[in-house]
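Welcome! Here is a short tour for anyone meeting this protein for the first time. Please have a look at the sequence and the model before reading on.

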Amino acid sequence: MKTIETMNKSLPREVYYQCIWIIKDRPRLEFLVTALDCSRNAEVGEFILRADRYGGILREEVMEEAEFKLECIEKAIEAVPEDYRDGILANIVEMRAFGDEAHPNTWKRWKRVFIYELARRLRLY
């Protein structure tokens, strides 16, 4: 099994890329969490139709899982110094290059810390 080194620990390659795709899915997760919040704040007797942008009806479990994943992302990014957080998320989600504020190896190190922490919080490793 191929592994990727993170924080002096190895993550299975599949887990690493699963975390990357969960982070890339962040905008959709935010949409689902907003829909969940709206349904939780609905008045008694008010009918809420929860649909995704593709017209499918959203199940409560799907939205709760999205809430869990988004919460894991938000907690995992806290393991990274504040100066690097936006740059790392933009690198993963939008494939933007890292900034010039630090050496590329520093950026990569903090990205690995973030991925490892996310895998741990998602209970993937």
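## Two helices that meet

How are α4 and α5 oriented to each other? This is a predicted model, and in it the axes of helix α4 (residues 82-93) and helix α5 (residues 104-121) come within 10 Å, crossing at roughly 80°. Angles of 65 to 115 degrees count as roughly perpendicular, and α4 and α5 are therefore roughly perpendicular to each other.

You can find the meeting place by its residues. On the α4 side there are D83, Y84, G87, I88, L89, N91 and I92, and on the α5 side they meet T106, W107, W110, K111, F114 and I115. Sorted by character, the residues of this contact of α4 with α5 divide into eight nonpolar, three polar and two charged.

## Just past α5

Follow the chain onward and you reach R123, which lies in the segment after α5. Is R123 buried or exposed? Its relative accessibility is 65%, so R123 counts as exposed, the cut-off for that being over 50%.

R123 also leads us to another part of the chain. Its C-alpha atom is separated by 9.9 Å from that of C72, although R123 and C72 are 51 residues apart along the chain.

## The cysteines

How many disulfides does the model contain? The count comes to zero, given that a disulfide needs two cysteine sulfur atoms within 2.5 Å. For C19, the closest cysteine sulfur is in C72, and at 9.5 Å it is too far for a bond. Seen from the other side, C72 is in no disulfide either, with the sulfur of C19 as its nearest cysteine sulfur, 9.5 Å away.

Both residues are tucked away from the surface by the under 20% cut-off. C19 has a relative accessible area of 0% and is buried, while C72 counts as buried at 5% relative accessibility.

## The whole protein

Now step back for the wider view. The protein has five helices and two strands, and from the N terminus on its elements run β-β-α-α-α-α-α. Of its 125 residues, 36% are buried. Among the contacts with a separation of 6 or more, 61% are between residues 24 or more positions apart.

How confident is the prediction, and where does the confidence vary? The average pLDDT of the protein is 84, and 79% of the residues score at least 70. Among the elements, helix α1 (residues 13-24) has the highest mean pLDDT, 96, and strand β1 (residues 3-6) the lowest, 65.

Methods: Residues numbered from 1 in each chain as written. Predicted model: local features only at pLDDT ≥ 70, side-chain atom pairs only at ≥ 80, totals over all residues. Heavy atoms only, no water. Axes fitted to C-alpha atoms, helices over the stretch in contact; angles between N-to-C directions. Helix = DSSP H or I, 4+ residues; strand = E, 2+ residues; numbered from the N terminus. Parallel < 35°, antiparallel > 145°, perpendicular 65-115°, else oblique. Contact = heavy atoms within 4.5 Å. Nonpolar A, V, L, I, M, F, W, Y, C, P; charged D, E, K, R; others polar. Buried < 20%, exposed > 50% of the residue type's maximum accessible area, 1.4 Å probe, protein only. pLDDT = per-residue confidence, 0-100.
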